[in-house]
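Hello,

As promised, here is the structure we talked about. Have a look at it first, and then read on for my notes on what turned up.

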Amino acid sequence: MNLPEHSSVASSYDCVVAVDVSRQFGKKKVLDEISLTVKRGEIFGLLGPSGSGKTTLVRLVTGLDIPDGGSITLLGEPMPKLNVLSRIGYMAQSDALYGELTAQENLEFFSTLYGLRGNSLKKRIQEVAELVKLSDDLKKPVQQYSGGMKRRLSLAVALMHEPEVLVLDEPTVGIDPVLRKSVWNELDNLRRGGVTILVTTHVMDEADKCDRLAMLRDGKVIALGTPEQLKADSHSATMEDAFITYGGGVA
């Protein structure tokens with residue numbers, strides 16, 4: 001089984017370093033001594049079924065929650081750290097949007113939090129709207145958006161300030177297959193430009209698109225490596241077969 005290695009000293013090439021991270025809610029241990037490292041400029045996937053601890057882990061990485069044990073370092077800073085937040089783009093599993101505002105007004109509001117204004121703001125709105133295929137719907141109130149459109153707008157919000165690190169919690173849920181492919185093509189372009197991307201998914205073909213991934217089950221890392229490594233080590237033809245072989249069951 002491919003389990004993670006970690007060191008107490010982070011490399012300059014490391015973006016996220018989690019060491020023995022645990023989180024418990026009541027009597028339920030959601031994360032059980034998780035250790036993993038995300039390198040700068042890679043797409044790193046967290047793969048696992050609902051309830052495996054993926055969302056809890058990304059909340060800890062972004063500083064929205066605090067672990068009960070262990071430590072998380074992001075961009076060389078121990079989390080949570082306020083001055084790191086402007087360098088992160090975060091897309092939560094639940095869309096945090098203002099329904100009574102238009103899509104453009106949502107983008108303008110969230111962008112001002114990062115100091116974007118004037119012509120640079122207008123240009124960036126056009127860029128991200130085109131990316132997520134919402135250019136024709138920017139003037140529409142978000143409460144009139146479908147679920148898939150809200151997911152696309154949430155991704156646009158996360159991209160507006162051109163962050164060094166993107167943390168995306170199941171970004172393609174509710175998005176049609178054609179646009180899902182387009183989103184992943186753009187994530188690959190961002191990676192090529194040096195952006196580090198941490199993405200959660202329970203979709204096996206998306207796991208294949210990651211540079212490396214960690215399989216989670218019941219709050220533990222059950223395997224870690226490239227998709228090719230995990231399939232080869234488990235003698236599996238597909239990522240779904242590999243996940244089952246490693247003890248993941250059905251995702």
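Across the interface of domain 1 and domain 2, four residue pairs are in polar contact, with both partners at pLDDT 80 or more; please keep in mind that this is a predicted model. On the side of domain 1 that touches domain 2, strand β7 (residues 165–169) gives the most, with three residues. That side is made up of four nonpolar, two polar and three charged residues. Even so, the count of salt bridges across the interface of the two domains is zero.

Some context for that interface. The domain assignment puts 12–87 + 164–171 + 192–250 in domain 1 and 93–162 in domain 2. Taken over C-alpha atoms, the centres of domain 1 and domain 2 are separated by 26 Å. Nine residues of domain 1 are in contact with eight residues of domain 2. Between them, the two domains bury about 620 Å², and 50% of that is on carbon and sulfur atoms.

Now to the salt bridges. Side chains of opposite charge can pair when their charged atoms come close. The count for this model comes to 17 salt bridges, and a few are worth opening in your viewer.

One of them is between the side chains of Lys 54 and Glu 170, at 3.7 Å from N to O. This pair links distant parts of the chain, 116 residues apart: Lys 54 belongs to helix α1 (residues 54–61), while Glu 170 is in the loop between β7 and α5 (177–192). Are the two partners buried or exposed? Lys 54 is buried, because its relative accessible area is 4%, and Glu 170 also counts as buried, at 9%.

A second salt bridge joins Arg 124 to Glu 127, with the closest N and O atoms 3.0 Å apart. Because these residues are three apart in helix α3 (residues 118–131), about one helical turn separates Arg 124 and Glu 127. Arg 124 is buried, with a relative accessible area of 15%, whereas Glu 127 counts as partly exposed at 36%.

Then there is the pair of Asp 208 and Lys 231, whose side chains meet in a salt bridge at 2.9 Å, N to O. Asp 208 sits in the loop between α6 (204–207) and β9 (212–217) and Lys 231 in helix α7 (residues 227–233), so the salt bridge ties together parts that are 23 residues apart in sequence. Asp 208 counts as partly exposed, at 32% relative accessibility, and Lys 231 is buried, at 17%. You may also like the network in which salt bridges with shared partners join Asp 188, Arg 191, Arg 192 and Asp 211.

Last, a residue I would enjoy looking at with you: Arg 23, found in strand β1 (residues 14–25). Arg 23 counts as buried, because its relative accessibility is 14% and the cut-off is under 20%. Which side chain does the side chain of Arg 23 meet in a polar contact? The partner is the side chain of Asp 68, at 3.2 Å. Beyond its neighbours within four places in sequence, Arg 23 is in contact with a list of residues that includes Lys 28, Lys 29, Val 30 and Leu 31. Also among its contacts are Thr 56, Leu 60, Asp 65, Ile 66 and Pro 67.

Happy browsing, and best wishes!

Methods: Residues are numbered from 1 along each chain as its sequence is written. This is a predicted model: local features need pLDDT of at least 70, side-chain atom pairs count only at pLDDT 80 or more; totals for chains, interfaces and linings use all residues. Side-chain values use heavy atoms; hydrogens and water are left out. Helices (H or I, at least four residues) and strands (E, at least two) are DSSP runs, numbered from the N terminus. Buried means under 20% relative accessible area, exposed over 50%, partly exposed in between (1.4 Å probe, protein chains only). A polar contact is a pair of N or O atoms within 3.5 Å; within protein, one must be able to donate a hydrogen and the other to accept it, and residues adjacent in sequence count only if both atoms are side-chain atoms. Contact means heavy atoms within 4.5 Å. Domain bounds come from an automatic or database domain assignment. Buried area is the accessible area (1.4 Å probe) that two parts lose on being put together, summed over both. A salt bridge is a side-chain nitrogen of Lys or Arg within 4 Å of a carboxyl oxygen of Asp or Glu. Ala, Val, Leu, Ile, Met, Phe, Trp, Tyr, Cys and Pro count as nonpolar, Asp, Glu, Lys and Arg as charged, and the others, Gly among them, as polar.
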